[in-house]
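Hi,

Here is the structure I promised to pass on to you. Have a look at it first, and then read my notes below.

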Amino acid sequence: MLPIDAVALETLLARVQKPGRYVGQEWNSVTKEWAQAEVTLALAYPDIYEIGMSNLGLGLLYDLVNRDPRFLAERAYAPWVDMDAAMQAAGLPLFSLESRRPLRAFDVLGFSLQYELTYSNVLTMLARGGVPLWSAERSAADPLVIAGGSCCYNPEPLADFIDLFVIGEGEEALLELLACVADWKRAGGKARPDGRAALLREAAQIPGVYVPSLYDVTYHDDGTLASIAPNDPRAPAQVRKRIMPTLGPVPTRPIVPNIEIVHDRAMVEIQRGCSRGCRFCQAGMIYRPIRERPVEETLQAIDALLASTGYDEVSLVSLSSSDHSGIAD
């Protein structure tokens, strides 16, 4: 599928509040050849550019996927109301920033779910990208719509719209899932009448993957969950969250945004998890156990980040950075 018309896009950019949200071509962004990619992935953040570009998790996945020569990852963010209205009036679909292809052109469309107020934006992005809203209405020719992030620990509110959820940490699971899609494509899955169902059954074998269509969910009269039971013998009775044994490499060439974003600085994740156990804190529970990045690795990453971005400020990212055993060093 070809990119959207550049002239039509440029006409719209002259009429919106912040055109820098939609032009792409930022420093350190990655543009690969589509013809050479076995699987194409659109990493979609259901909020505006300034919020999505500040999300470290999406940057980690973007870096990991694009390091693999088999795969291609591009980005898409929710348009602000002015651009949304202008694109609808012009008949332009929501597109990725790197190649400006419509979201429906990708093999996989992955949403990062960080807070519940963005759920309506997920539906908006699907509709604007030309992707059927309901999972049951998608064919093998449509993107596989997946989701990850902290909200996926309660997947049911979006279960009718998302083909599968990755529960837990996604660095390893996403690459395994893309490899599964690559195998499915090579086997001619897109041409088979049951191709999409077959892909979902295969994906359900990956630890941490929850495929809603393979489970029967019942509720109590008050709307609370009563039971979740697999309706397919290949679906696991329990889906266990994925946990990275150690922190992966720091993306030392992150994308430098075109405009000022919320957290406009370099970032290094120095620790994941928290020992304090505050009962009100979801993140402190779901990101256990604690894993620290070694001091020397952190210092090397900071030097590389400053050299590759031009930033003069670095965030040491974790749930409680002062608890890192090497914070003084």
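To start with one residue: is Arg-186 buried or exposed? Arg-186 is exposed, at a relative accessible area of 57% (buried means under 20%, exposed over 50%, partly exposed in between, with a 1.4 Å probe and protein chains only).

Before you go further, note that this is a predicted model, where local features need pLDDT of at least 70, side-chain atom pairs count only at pLDDT 80 or more, and totals for chains, interfaces and linings use all residues. Residues are numbered from 1 along each chain as its sequence is written, and side-chain values use heavy atoms, with hydrogens and water left out.

Now the salt bridges (a side-chain nitrogen of Lys or Arg within 4 Å of a carboxyl oxygen of Asp or Glu). The count comes to 24. One of them joins Arg-186 to Glu-38, with 2.6 Å between the closest N and O atoms. These two sit 148 residues apart: Arg-186 is in helix H6, and Glu-38 is in the loop between helix H1 and strand S1. (Helices, H or I with at least four residues, and strands, E with at least two, are DSSP runs numbered from the N terminus.) Glu-38 is partly exposed, at 31% relative accessibility.

Asp-84 and Arg-128 also meet in a salt bridge, again at 2.6 Å from N to O. That pair links helix H4 to helix H5, 44 residues apart. Here Asp-84 is buried at 14%, while Arg-128 is partly exposed at 27%.

Next, strand S9. Ala-266 and Val-268 on one side, and Met-267 and Glu-269 on the other, are all buried. S9 pairs with strand S12 in the parallel sense over 4 bridges (two strands pair if DSSP finds at least two bridges between them), and Val-268 stands opposite Leu-316.

Finally, the pockets. A pocket is an open set of points on a 1 Å grid over the protein atoms alone, where a 1.4 Å probe fits, with protein on both sides within 12 Å along at least five of seven lines; lining residues have an atom within 4 Å of a point. The largest one holds about 970 Å³ of space (the volume filled by probe spheres set on the points). It has 40 lining residues, and among those closest to its centre are Asn-55 and Tyr-287. Helix H3 gives the most to that lining, with 5 residues. The second largest pocket has about 480 Å³, and H3 supplies the largest share of its lining too, 8 residues.

Cheers
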